[in-house]
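Here are some short exercises to work through with the structure open beside you. Try each task before reading its solution.

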Amino acid sequence: MIALRTAAFRVSSTLTRRHIATGTARNAEAAVASAGAEKLTIPVPEGTDKPADPKLVSIVDSIAKLNLLEVSELSTLLKRKLNLPDTAMMPAGFGAFAGGAAAPAAVADEEEAAPKVVKTTFKVKLVKFDEKQKVALIKEVKNLLEGMNLVQAKKFVESAPTVVKEDIPKEEAEKLKEAFTKVGAVIEVE
């Protein structure tokens with residue numbers, strides 16, 4: 001009898017171990033299968049919109065409920081958090097795509113509406129000179145431009161086209177042009 005009990009105990013413990021092992025294996029397989037099923041997603045067919053991430057949808061819904069002051073504060077906080085500049089940068093050529101044919105008309109209207117800028121400073125430029133009157137021009141340059149000796153004046157004249165003076169009033173520019181024109185120079189006032 002004892003032998004029978006021992007044999008029955010061995011068989012039942014073996015069956016129990018097999019059942020536990022098999023059940024554990026089945027549970028592990030089910031866990032792997034369910035984890036694998038979560039990672040695998042069905043691709044979205046072409047031509048249809050990709051479903052939005054629920055997390056992003058909730059953020060968009062929250063932002064849509066904000067009033068204008070709260071949106072402004074949110075914008076400020078995001079700029080500070082993300083280290084973004086305060087000014088908005090528009091990509092080059094953006095106006096051409098946004099406005100289409102209306103963009104040139106809008107630019108023309110803005111130019112007409114803007115007050116005309118009156119130029120107050122001028123630049124006098126020596127374009128070229130008459131070789132026959134080179135000596136007279138060098139002397140005139142030496143006399144009219146402060147701090148120049150004859151050697152510097154000669155190098156200056158020979159380096160034409162060059163700027164004689166910049167950021168000067170119109171009256172002074174006209175006087176320089178008149179004086180240099182008398183000695184055979186071609187002058188531009190810009």
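## Exercise 1: The two sides of H7

Task: find which residues of helix H7 are buried, and where they lie around the axis.

Solution: Ala153, Phe156 and Val157 of H7 are buried, meaning under 20% relative accessible area with a 1.4 Å probe and protein chains only, where exposed is over 50% and partly exposed lies in between. They span an arc of only 95° around the axis, which puts them on the same side of H7; the arc is taken over directions from the helix axis to the C-beta atoms. On the face turned away from that buried side sit the exposed residues Val151 and Lys155. The cover over the buried residues includes E1, H6 and E2.

The model is predicted: local features need pLDDT of at least 70, side-chain atom pairs count only at pLDDT 80 or more, and totals for chains, interfaces and linings use all residues. Residues are numbered from 1 along each chain as its sequence is written, and side-chain values use heavy atoms, without hydrogens and water.

Helices (H or I, at least four residues) and strands (E, at least two) are DSSP runs, numbered from the N terminus.

## Exercise 2: The partners of E1

Task: work out which strands pair with E1 (residues 122–129), and in what sense.

Solution: Start with E2 (residues 162–168), which pairs with E1 in the antiparallel sense over 4 bridges; pairing requires at least two DSSP bridges. Here Phe122 stands opposite Ile168 of E2. Next, E3 (residues 185–189) pairs with E1 in the antiparallel sense over 5 bridges. There, Lys125 has Glu188 as its bridge partner.

Note on methods: Contact = heavy atoms within 4.5 Å.
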